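Here is a friendly briefing to read alongside the structure. Please keep the 3D view open as you go.

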Protein chains: 2
Amino acid sequence: MKSKVNNKLKGLGSEIEEQIDKKLNPNISIPIRTLSNIIYDKSTGQLTLGDKVSKRYFFNVAHAKKFMQTMMVASFCNDLIGQNIHASIRDMFYNLKRTLPETSENTFDVQSESDPIIIDLEVALDIFREQLHLTTDRKGIVAGNVIIKDRGDSIDWSKLGSGGWSIPSTVEEIEFSKVNADFVLVVEKNAGFERLHEDKFWQKHNCILIGTGGQPSRGTRLLIQRLNREYKLPVYVFTDSDAYGWYIYSVIKSGSMSLAHISDRIATPSAKFIGLTISDIFEYELKKCIIKARELDIKRAKELLNYEWFKRPEWQKEINLMIKKGIKAEIEALSHRGLKFMSETYLPEKLKKKAFLP
Amino acid sequence: MKSKVNNKLKGLGSEIEEQIDKKLNPNISIPIRTLSNIIYDKSTGQLTLGDKVSKRYFFNVAHAKKFMQTMMVASFCNDLIGQNIHASIRDMFYNLKRTLPETSENTFDVQSESDPIIIDLEVALDIFREQLHLTTDRKGIVAGNVIIKDRGDSIDWSKLGSGGWSIPSTVEEIEFSKVNADFVLVVEKNAGFERLHEDKFWQKHNCILIGTGGQPSRGTRLLIQRLNREYKLPVYVFTDSDAYGWYIYSVIKSGSMSLAHISDRIATPSAKFIGLTISDIFEYELKKCIIKARELDIKRAKELLNYEWFKRPEWQKEINLMIKKGIKAEIEALSHRGLKFMSETYLPEKLKKKAFLP
């Protein structure tokens with residue numbers, strides 16, 4: 001894997017070298033990432049990039065600086081991989097920021113110049129940031145009957161007490177030594193993770209429990225996808241019953257606009273939604289815990305209605321119910337029925353009935 | 001410990017019972033937490049509560065509801081401890097929210113009614129939230145030569161690969177089986193944690209590495225204090241060179257206004273500041289990475305000048321330098337000198353010279 005990425009970076013360099021040898025204007029082709037080139041692929045259920053491409057030339061006053069920046073970032077990442085170390089994108093920015101000799105021109109002035117270059121390389125070379133050894137902010141915890149190998153350590157996710165394993169930003173390099181689970185349960189909230197973890201839910205139901213702490217980090221999304229793809233584990237997502245929670249589900253399942261170029265490496269199209277639905281509020285007698293939806297909630301919900309992957313009748317019904325009644329509810333509302341209601345009644349019932357939304 | 005807290009809760013109940021038996025107006029005494037009763041204790045270096053107290057009566061139209069709420073929360077926590085389970089404060093709110101029979105009056109309408117009751121109980125009974133089995137949001141990661149026991153698992157912080165151990169919200173109950181370290185290094189940023197962790201800093205310098213991911217969670221602050229108090233480990237805090245970073249240091253060292261009532265259980269007055277200072281920017285040739293301070297940064301810095309624990313000359317010099325020059329810098333700026341500069345040059349030099357701020 002590592003050498004494949006290295007080869008792609010070196011290929012980029014050789015190509016430029018050849019162009020120079022042939023006295024051509026050195027250039028790089030980069031797929032366009034604006035909305036006009038983002039499409040929803042029904043067959044894979046993912047957002048993905050179309051085939052529009054732009055070219056970045058060295059001998060072009062409008063392109064020259066960006067061309068140089070692209071080469072600098074590619075070279076930096078090549079070094080990272082060569083030395084086998086990782087860096088954050090901010091580390092990279094500071095490392096590359098300097099003044100060109102005998103000018104007052106900086107290589108990069110602000111980080112918002114270097115960040116998009118990384119995405120350029122991701123799409124141009126069909127690799128992704130983690131493979132370039134650039135780290136993303138970490139978030140997310142996991143527990144379950146799984147043993148992994150990571151940086152020479154053998155880590156048993158079932159023996160980490162109340163803490164769980166903190167999912168690092170790069171999970172590309174971890175190896176699974178043992179995966180003993182029937183499914184993956186992804187919980188939006190840390191508090192939900194803690195309650196389920198304490199009630200030994202993953203042990204009783206033989207699953208892998210992942211807490212995302214809000215919108216999942218790239219590392220967490222990659223981990224979910226790896227477990228799904230490599231071990232064929234069904235993935236069930238458990239969020240609040242509101243537009244924000246449903247959007248989290250949608251991002252896990254289908255990717256996001258801003259990362260459409262790597263959807264196939266980060267999304268899990270077969271993921272299913274286990275709850276909370278608006279119907280659950282009535283089915284499980286949670287009416288006392290209803291929260292009145294704000295204007296923004298309704299606006300977001302109306303937007304979701306138009307997402308391709310929410311056009312299924314089950315979702316249209318739920319989202320419209322939310323809009324009509326102007327209500328939402330949180331995972332913690334289940335505590336109204338008792339603190340163990342979630343782990344001993346609600347989730348087991350949903351799993352038994354296979355009451356999932358698509 | 002558990003029975004001590006249980007006894008305090010039961011004591012509260014018995015006291016009310018006695019008052020009822022004596023036909024007195026049942027009441028609870030609660031120390032006042034407003035600014036007028038928060039003092040900085042120079043001898044301990046902590047923010048703490050003074051001795052002003054208010055009384056909450058049952059037979060008082062203005063107090064009756066709050067009195068009932070206090071009893072409900074106390075009883076809920078008593079159950080949690082009895083059943084040995086934990087809940088988030090939001091779980092508690094939903095659990096206790098109901099309508100009083102034959103009225104339209106709710107026990108609690110919004111969570112902002114139940115949250116302060118928890119603090120009331122903390123101060124009234126001199127215990128703290130974690131001991132009442134109420135969880136706080138988790139954040140923070142740790143790695144080092146330490147083995148702990150937690151919920152029956154033995155967890156080796158030195159063998160968790162790139163992930164580290166995710167610090168749970170309650171660290172009261174973990175047991176240390178082995179602590180082999182000379183000091184604790186607390187890093188404000190996850191990216192900094194990852195770089196140091198990858199460079200095996202904690203191994204090379206025999207320390208415990210803690211990443212707080214911004215303002216540290218209660219669990220993380222408690223863990224820092226336990227390592228300092230129980231194992232006499234010096235604590236060094238490493239943050240960005242700006243008012244926000246320095247405030248993080250201040251919170252770890254001296255506690256915060258909003259948690260003044262538990263400073264002695266959560267603060268680590270002997271903690272020292274290892275960097276980044278404004279002087280470091282010049283000493284370590286990071287001028288290329290200076291960020292211009294915004295108006296808000298300067299305003300915050302001016303506020304810090306008046307904090308008791310920043311009145312030491314070393315801090316006054318640094319803060320004034322920041323204000324005068326109108327600059328700040330981030331931990332990641334060290335990457336300008338090379339990605340391993342932080343772990344191989346900057347921190348080792350600071351440690352060797354004991355170049356800490358008080």
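What follows covers the pairing of the chains, then helix packing, the nonpolar core and two single residues.

This is a predicted model, in which local features need pLDDT of at least 70 and side-chain atom pairs count only at pLDDT 80 or more, while totals for chains, interfaces and linings use all residues. Residues are numbered from 1 along each chain as its sequence is written, and chains are lettered from A and ligands numbered from 1 in the order in which they are written.

**How the two chains pair**

- A turn of 180 degrees with a shift of 0.0 Å along the axis lays chain A on chain B with an RMSD of 0.0 Å; the superposition is by least squares on the C-alpha atoms of residues with pLDDT of at least 70 in both copies.
- The two copies are thus related as by a two-fold rotation axis.
- A:S166 is the residue of chain A that comes closest to the rotation axis, with its C-alpha at 2.4 Å.
- Chain A gives 43 residues to the contact and chain B gives 43 residues, where contact means that C-beta atoms, placed from the backbone, lie within 7 Å.
- On the side of chain A that touches chain B, at least two residues each come from β5 (87-88), α3, β9 (153-156), β10 (165-166) and α5 (190-198); helices (H or I, at least four residues) and strands (E, at least two) are DSSP runs, numbered from the N terminus.
- The largest share of that side, five residues, is supplied by α5(A).
- By class, the side of chain A that touches chain B holds 14 nonpolar, 14 polar and 15 charged residues; Ala, Val, Leu, Ile, Met, Phe, Trp, Tyr, Cys and Pro count as nonpolar, Asp, Glu, Lys and Arg as charged, and the others, Gly among them, as polar.
- The copies meet through the same surface, because 100% of the interface residues of chain A are also interface residues in chain B.

**Helices of chain A**

- In α5(A), nine of its nine residues are buried; buried means 20 or more other C-beta atoms within 10 Å of a residue's own, exposed means 12 or fewer, and partly exposed lies in between.
- Just after α5(A), A:K200 has a positive phi of about 55 degrees.
- Helices α3 (residues 89-96) and α4 (residues 111-125) of chain A pack at an angle of about 115 degrees with their axes 9 Å apart; axes are lines fitted to C-alpha atoms, for helices over the stretch in contact, and angles run from 0 to 180 degrees between N-to-C directions.
- From α3(A), the contact uses A:I89, A:R90, A:M92, A:F93 and A:L96, and from α4(A) it uses A:Q111, A:S114, A:D115 and A:I118.
- Helices α8 (residues 243-254) and α11 (residues 295-305) of chain A cross at roughly 35 degrees, and their axes come within 9 Å.
- There, A:A243, A:W246 and A:Y247 of α8(A) meet A:D297, A:R300, A:A301 and A:L304 of α11(A).

**The nonpolar core**

- A:V186, A:L209, B:V186 and B:L209 touch the most other members of the largest nonpolar core, which has 178 residues; such a core is a set of buried Ala, Val, Leu, Ile, Met, Phe, Trp, Tyr and Cys residues joined through C-beta atoms within 7 Å.

**Two residues to look up**

- A:S75 is part of helix α2 (residues 64-83) of chain A, and A:S75 counts as partly exposed because it has 14 C-beta neighbours inside 10 Å.
- B:K253, in helix α8 (residues 243-254) of chain B, is buried, with 21 other C-beta atoms within 10 Å.

Key. Contact = placed C-beta atoms within 7 Å.
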